[in-house]
Amino acid sequence: MRILSVNVGLPRDVSWRGKTVRTGIFKQAVSGAVRVERVHLEGDGQADLEVHGGVDKAVYAYPSAHYAHWSEWLGEAELAWGAFGENLTLEGALEDEVNLGDRFRAGTALLEVTQPRIPCHKLGLRHGRPDLPKAFLQSGRSGFYLRVLEPGRVEAGDAFARETIGRPKVSIAQLQSFARGEGDADLARRAIEHPALADAWRDHLVRRFGSAAQHRADD
């Protein structure tokens, strides 16, 4: 696995469906090394910090393998890296191959997988397609977020090397299935107990499966 592109962008105001929306979803590929800080990449930012960014979502990674699907879906011959708001466009690292708590060395930074991405309306804004967030969610092509365990520097061409496999083993694909109304209490229990899971996801799963997941844990 390797990093094909590093993408950053600061929030801007754009017009969308009759309103002015402030968003950081417009990312551009940059050349050279970029500093990876605790809550973001150098030169990057999010507009709504209540739902975007923060320690658990400091870096967003997306597999390049999904670009062909979305190019066809959107009717665009070519999409530039960063088209889905990702900071790292990756060769490899598909959702069924990446696990919650996996730790990756990206350049000199050490990153830990925390959750899949659940798209909001701003993804639709980015491509002028209000139906895109729903299609993105249902497709399972979510990408994933990472927290920064060790700050460092990263650039296109660096390896994205797995150093540790997260335990208990819960893939991003399995975790993302909860957002589509799937999943069961046993899987929820394993995710809830996982130390790497983002706090917002843990709270959601506890609310949805709390008693059932606890019952299975006590069996």
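**Rings, charges and a helix**

Okay, let's start with one side chain: Tyr-60 has a relative accessibility of 3%, so Tyr-60 counts as buried. Before I go on, keep in mind that this is a predicted model.

So what goes on around that ring? The structure holds 14 aromatic pairs. In one of them, the ring centres of Tyr-60 and Tyr-145 are 4.9 Å apart and the planes make an angle of 35 degrees, so that pair is tilted. Tyr-60 sits in strand β6 and Tyr-145 in strand β10, residues 144-150, so the pair ties together parts 85 residues apart in sequence. Tyr-145 is buried as well, with a relative accessible area of 11%.

Over in β10 there's another tilted pair: Phe-144 and Phe-160, with centres 6.5 Å apart and planes at 40 degrees. That one also links distant parts of the chain, since Phe-160 belongs to strand β12, residues 160-164, and lies 16 residues from Phe-144. Both Phe-144 and Phe-160 are buried.

Back to Tyr-60 for a second. Ring pairs join it into a cluster, with Trp-70, Trp-73, Phe-136 and Tyr-145 among the other members. And Tyr-145 has a charge for company: the charged end of Lys-57 sits over its ring, 5.6 Å from the centre.

Right next door in β6 we have Ala-61, which is buried at 0% relative accessible area. Who touches Ala-61, once we skip neighbours within four places in sequence? The contacts are Glu-86, Leu-88, Leu-90, Gly-143, Phe-144 and Leu-146. So Phe-144, from our second ring pair, turns up again here.

Now helix α3, residues 132-139. Leu-132, Pro-133, Phe-136 and Leu-137 are the ones to look at, and they are buried. They span an arc of only 130 degrees around the axis, so they end up on the same side of α3. What covers them includes β6, α1, α2 and α4. Just past the helix, Gly-140 has a positive phi of about 80 degrees.

On to the charges. The count of salt bridges comes to 16. Take Glu-112 and Arg-103: their closest N and O atoms are 3.1 Å apart. Is each partner buried or partly exposed? Glu-112 is buried at 9% relative accessible area, while Arg-103 is partly exposed at 32%. Both belong to a salt-bridge network that also takes in Asp-56 and Arg-147.

Then there's helix α5, residues 185-192, where Asp-186 and Arg-189 lie 3 residues apart, about one turn of the helix. They form a salt bridge with a closest N to O distance of 2.8 Å. Arg-189 also meets Glu-193 in a salt bridge, at 3.5 Å. Asp-186 is partly exposed at 22%, and Glu-193 is partly exposed too, at 47%.

Last stop, the hairpin. Strands β2, residues 12-16, and β3, residues 19-23, pair in the antiparallel sense over 5 bridges. There are 2 residues between the strands, and Arg-17 takes a positive phi near 55 degrees. Arg-12 stands opposite Thr-23 in β3, and Arg-12 also lies over the face of Phe-26, 4.4 Å from the ring centre.

That's my tour, happy to rotate the model if anyone wants another look.

Note on methods: Residues are numbered from 1 along each chain as its sequence is written. This is a predicted model: local features need pLDDT of at least 70, side-chain atom pairs count only at pLDDT 80 or more; totals for chains, interfaces and linings use all residues. Side-chain values use heavy atoms; hydrogens and water are left out. Two strands pair if DSSP finds at least two bridges between them. Helices (H or I, at least four residues) and strands (E, at least two) are DSSP runs, numbered from the N terminus. A salt bridge is a side-chain nitrogen of Lys or Arg within 4 Å of a carboxyl oxygen of Asp or Glu. Buried means under 20% relative accessible area, exposed over 50%, partly exposed in between (1.4 Å probe, protein chains only). The arc is that of the directions from the helix axis to the C-beta atoms. Contact means heavy atoms within 4.5 Å. Rings of Phe, Tyr and Trp (its six-membered ring) pair if their centres lie within 6.5 Å; planes under 30 degrees apart count as stacked, over 60 as edge-to-face and the rest as tilted. A charge sits over a ring if NZ of Lys or CZ of Arg is within 6 Å of the ring centre and within 35 degrees of the ring normal.
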